[in-house]
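I opened this entry to log what I looked up in the model. My topics are the helix packing, the sheets and the ligand shell.

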Amino acid sequence: MAVKMGTQKFVLQRENELRVEVGMNSALHLQLVDGTAEIFGSELPPMFWMTFPAGHKFAVFTWNGCTIEVDGVFDVAYVADETPMVSYANVHSVLEQRRRRAKDGFAAGPRCVVGGPTDHGKSSLARMLLSWAAREGWRPTFTDLDIGQGSITIPGTVSATPVEMPIHPVEGVPSNQALVYFYGHTTPSVNVNLYKALVQELTRKLDSEPASNPDLQAAGMVINTMGWVEGVGYELLLHAIETLRADTVLVLGQEKLHTMLQTALNARNPAVEVVKLHKSGGVVTRNRDYRQHTRVQKINEYFYGISQELFPHCFVANFSDFQVFRLGGGPQAPLSALPIGAKPVADPTRVVPVRFSKELLHAVLSVSFAKVPEDLLKSNVAGFIHIQDVDMERQKVTYMAPCPGPLPNQLLLAGSLVWNP
Ligand SMILES: Nc1ncnc2c1ncn2[C@@H]1O[C@H](COP(=O)(O)OP(=O)(O)OP(=O)(O)O)[C@@H](O)[C@H]1O
């Protein structure tokens, strides 16, 4: 139930947090009146009204006490005195020591995976670790492997970006320097091997770009993962940990997952530390509709900006101006072409041409940096376009792009991602 009580004051004692769920229909304003406070690691400026959009869920935490003023409609707002923040800050201290040691030894810094089931606060913890590191002057890499609820760019992607400043509580992670690979679906089960291949490509690219100085190298990486941790989901988590050569794995709130990962990883590499952490009682469980809503919002933000401040551009082009492909699937190899006994399966990473048709209406396509179709799998993407009309008679396509002018490439990738604004 939405509550509006005019301006309301909350007094927080040390190590308390104010947990807020903004109402679904209007924004909420909040300011720090007294003391110090932070939102997922990012400090609040004093006496400055910040606006949080409808549906936003967050916590304002204080180490030493503070007073917060809230103005607007909220579904939930309460102060909690039990949080796992001290244990999260301890993890930060350990990572900080490793960064310093790495810098002194001209070595690579820590690579820390955050894992756990859905709605366990993985993204929030990743944000805290990155923002705390940025506050100490580091520039860690944020790698986001969560194709359903990722933070860097639109859903259906795996990506990485340097974090130079504490992450803004509303605007999130800037994506202008992001390295993005397009998977094209919001669940990994659509093509598990393609997901693995893209995680490998992303890692290869990150590893191939040597840090320009010891500080950058020592800053290390924080890796956010998907909440699917059973069966194939577990296999994908292990694959990500090993591919990215993580040395620290934080497991939020699930004993079973912690034990399984510890056993599996220690058998292969005893140097990997698997740490169990409590899930915060403030993490909000989001239903299917809300998750779908945040995915749509992420695409909307890409084209229109977080406060609808951007003006995307519409273009009409000939079908022949572009070549569209899909990764995976495609016709199976004929039995006669396979070794005796082998089963015909669709190649999960095969590059398959896609013809323009009404099926592409409302599709979100990525614009690849690949020079030739064979390189589509291993190429990152420049950005995304939205298909707004497909005119079969005139062989023309109308699309929306975030920038004016021609697209940087004519090779486009399709998946199953659609957007009906
Ligand atoms: N302490 C807290 N108080 C209030 N809200 C919180 C708190 N921690 C996290 N949240 C909110 O709860 C929601 C779920 O948290 P988060 O996205 O970090 O979980 P997750 O495990 O990454 O989810 P996913 O399953 O999508 O990967 C988010 O909207 C987040 O802002």
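Before reading off any helix angle, I fixed the convention: axes are lines fitted to C-alpha atoms, for helices over the stretch in contact, and angles run from 0 to 180 degrees between N-to-C directions. I also kept in mind that this is a predicted model.

**Entry: helix pair.** I looked up how helix H1 (residues 85–104) sits against H2. The two pack at an angle of about 45 degrees. Their axes are 10 Å apart. Angles under 35 degrees would count as roughly parallel, and 65 to 115 as roughly perpendicular. H1 and H2 are therefore oblique to each other. The crossing of H1 past H2 is right-handed. Next I listed the contact residues. H1 contributes Tyr88, Val91, His92 and Leu95. H2 contributes Leu125, Met128, Leu129 and Trp132. By class, the H1 contact with H2 has seven nonpolar residues, one polar and no charged.

**Entry: sheet under H2.** Which strands does H2 lie across? I found strand S9 (111–115), S10, strand S13 (221–224) and strand S14 (248–252). H2 runs at about 170 degrees to S13. I then traced an open sheet of seven strands, in the order S12-S11-S10-S13-S9-S14-S15. Its pairing is mixed. At the edges I noted strand S12 (179–182) and strand S15 (273–277), each pairing on one side only. Neighbouring strands here are turned by 15 degrees against each other on average, direction ignored. Inside this sheet I checked one pair. Strand S10 (residues 141–144) and strand S11 (residues 157–162) run antiparallel and are joined by four bridges. Opposite Thr141 I found Pro162 of S11.

**Entry: another sheet.** I traced a further open sheet of seven strands: S16-S21-S20-S19-S22-S17-S18. The pairing is mixed here. Strand S16 (313–318) and strand S18 (351–354) each have a single partner strand, so one side of each is left without a neighbour in the sheet. The average turn between neighbouring strands is 40 degrees, direction ignored. I checked strand S19 (residues 364–368) against strand S22 (residues 411–414): they run antiparallel, with two bridges. Ser366 stands opposite Leu413 in S22.

**Entry: ligand shell.** Which residues come nearest to the ligand? Of the 19 around the ligand, I noted Ala59, Ser123, Ser124, Gly227 and Gly282. Strand S2 (17–22), strand S7 (57–61) and helix H2 (122–135) each give two or more residues to the shell. I sorted the shell by class: four nonpolar, nine polar and six charged.

Notes: Residues are numbered from 1 along each chain as its sequence is written. This is a predicted model: local features need pLDDT of at least 70, side-chain atom pairs count only at pLDDT 80 or more; totals for chains, interfaces and linings use all residues. A residue is near a molecule or strand if its C-beta atom, placed from the backbone, lies within 6 Å of it. Ala, Val, Leu, Ile, Met, Phe, Trp, Tyr, Cys and Pro count as nonpolar, Asp, Glu, Lys and Arg as charged, and the others, Gly among them, as polar. Angles under 35 degrees count as roughly parallel, over 145 as roughly antiparallel, 65 to 115 as roughly perpendicular and the rest as oblique. A crossing is left-handed if the near helix is turned anticlockwise from the far one by less than a right angle, and right-handed if clockwise. Two residues are in contact if their C-beta atoms, placed from the backbone, lie within 7 Å. Two strands pair if DSSP finds at least two bridges between them.
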